[in-house]
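Subject: Structure for you to look at

Hello,

I am handing over the structure we talked about. Please open it alongside this email.

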Amino acid sequence: MARALKVAAAQVGPVHRSTSRAEVLARLIKLVEGAASQGVQLVVFPETTFTTFFPRYYITDDKELANYYEYETEETGPVTETKNVKEFFDHAKALCVDVQVGYGEDTGKGRYNTAVYVSGATGKVLNKYRKVHLPGSTEPFDLEPTTTNQLEKRYFLPGNFGFQAFRASSLKEHCGGTSPIVGQLICNDRRWAEGWRCYGLQGVEILCCGYNTTAYAPQLWGGDQNISREKAYEEAMFHHKLVVQAHAYTNSMFCITAARAGNDDGRHPLIPGSMIVDPEGHIVAESKTEDDELVIAVIDLDDCKQGKERTFNLGKHRRPELYGRLVEGGGVQPPPDE
Ligand code: CDT
């Protein structure tokens with residue numbers, strides 16, 4: 001294995017509305033310690049890792065809402081230095097493990113659904129990504145506190161950094177002297193081919209993606225409103241795996257996906273399905289529970305070469321002069337029906 005890395009998805013089990021950050025932090029630290037003790041060099045954590053997935057609630061109490069974000073201003077410095085979560089990042093640095101972690105970011109000027117990639121060697125943020133595709137609505141469809149809403153458009157602005165790949169220089173030595181090229185997505189982004197291809201065009205070798213995917217919310221998905229809970233769960237898992245495996249394959253990259261999983265508050269189920277997928281689209285490791293769990297694999301980045309140089313040699317086979325529609329505004333424009 002010429003450019004081998006040991007990587008992990010850190011699946012995080014139920015985090016309830018009442019679960020404290022201190023409890024979550026202790027669990028995350030246990031996961032990163034477990035990974036380090038097994039020689040893992042990169043751990044991917046879920047979307048909104050430090051709190052419950054709060055966009056499912058219609059929150060009218062501003063103080064409660066404010067508590068779901070990390071405050072990152074010129075005064076506080078990067079999230080890694082902020083008092084609520086610094087302890088976690090300090091542990092990752094002490095253990096020399098790279099981490100990607102998702103969180104609600106409040107800059108003082110705007111709120112975003114964000115993920116940072118942090119070097120284990122230096123503790124510095126190597127890249128920050130803000131979720132581009134925010135699912136759901138601004139207004140709740142049901143005011144019942146027990147309802148699973150999807151209010152990301154209410155609580156976050158759409159990401160404004162685009163899909164910028166970067167070199168994980170922290171992993172250079174482990175990777176035969178050439179730093180891995182890394183891309184980041186957050187949850188719903190993984191369902192959109194556009195982001196993956198932007199990363200494919202930058203030669204990304206490892207795509208890191210955390211998520212919170214509800215296992216039962218037919219009112220959000222459309223389709224059969226009377227679907228059983230079992231069938232809905234199966235469908236959600238099927239679509240999650242379908243998009244990740246297909247897009248990893250068509251862009252010739254590894255993908256590490258990390259779930260916030262399990263039944264939050266006993267009534268908001270989230271799928272597990274944390275996995276590591278190879279550039280041919282195969283699942284090489286996958287979670288077995290709905291709880292805190294490490295999914296670990298050794299990956300060789302040279303395995304990206306075959307797809308990148310042959311079937312999906314983007315420079316050789318793409319026909320961008322014919323793809324104009326992809327960057328035009330608006331939605332579907334069917335041909336006229338004469
Ligand atoms: N967190 C997140 O983006 N969840 C969405 C749910 C979509 S349900 C309409 C997802 O794509 O998994």
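Below is what was found, starting with the ligand and ending with a pair of strands.

Please keep in mind that this is a predicted model.

The ligand

The ligand occupies the space of the largest pocket. It is surrounded by 14 residues, and the closest of these are Lys-131, Cys-187, Asn-188, Arg-191 and Thr-213. Sorted by class, the shell around the ligand consists of five charged, five nonpolar and four polar residues.

Three polar contacts can be described atom by atom:

- Lys-131 places a polar side-chain atom 2.7 Å from an oxygen atom of the ligand.
- Glu-152 also uses its side chain: one of its polar atoms is 3.2 Å from a ligand nitrogen atom.
- Asn-212 takes part through its backbone, with an N or O atom 3.0 Å from a nitrogen atom of the ligand.

As for cover, the ligand on its own has 360 Å² of accessible area, and the protein covers 92% of that.

The strands

The other item is a hairpin formed by β5 and β6, with six residues between the two strands. Strand β5 spans residues 111-118 and strand β6 spans residues 125-130. The two run antiparallel and are joined by five bridges. One pairing to look up is Ala-115, whose bridge partner in β6 is Tyr-129. In the turn, Gly-123 has a positive phi of about 75°.

Regards

Note on methods. Residues are numbered from 1 along each chain as its sequence is written. This is a predicted model: local features need pLDDT of at least 70, side-chain atom pairs count only at pLDDT 80 or more; totals for chains, interfaces and linings use all residues. Side-chain values use heavy atoms; hydrogens and water are left out. A residue is near a molecule or strand if one of its heavy atoms lies within 4 Å of it. A polar contact is a pair of N or O atoms within 3.5 Å; within protein, one must be able to donate a hydrogen and the other to accept it, and residues adjacent in sequence count only if both atoms are side-chain atoms. Accessible areas come from the Shrake-Rupley method with a 1.4 Å probe; for residues, only the protein chains shown count as cover. On a 1 Å grid over the protein atoms alone, a cavity is a set of points where a 1.4 Å probe fits but cannot get out, and a pocket is an open set with protein on both sides within 12 Å along at least five of seven lines; lining residues have an atom within 4 Å of a point. A molecule sits in a cavity or pocket if more than half of its atoms lie within 2 Å of its grid points. Ala, Val, Leu, Ile, Met, Phe, Trp, Tyr, Cys and Pro count as nonpolar, Asp, Glu, Lys and Arg as charged, and the others, Gly among them, as polar. Two strands pair if DSSP finds at least two bridges between them. Helices (H or I, at least four residues) and strands (E, at least two) are DSSP runs, numbered from the N terminus.
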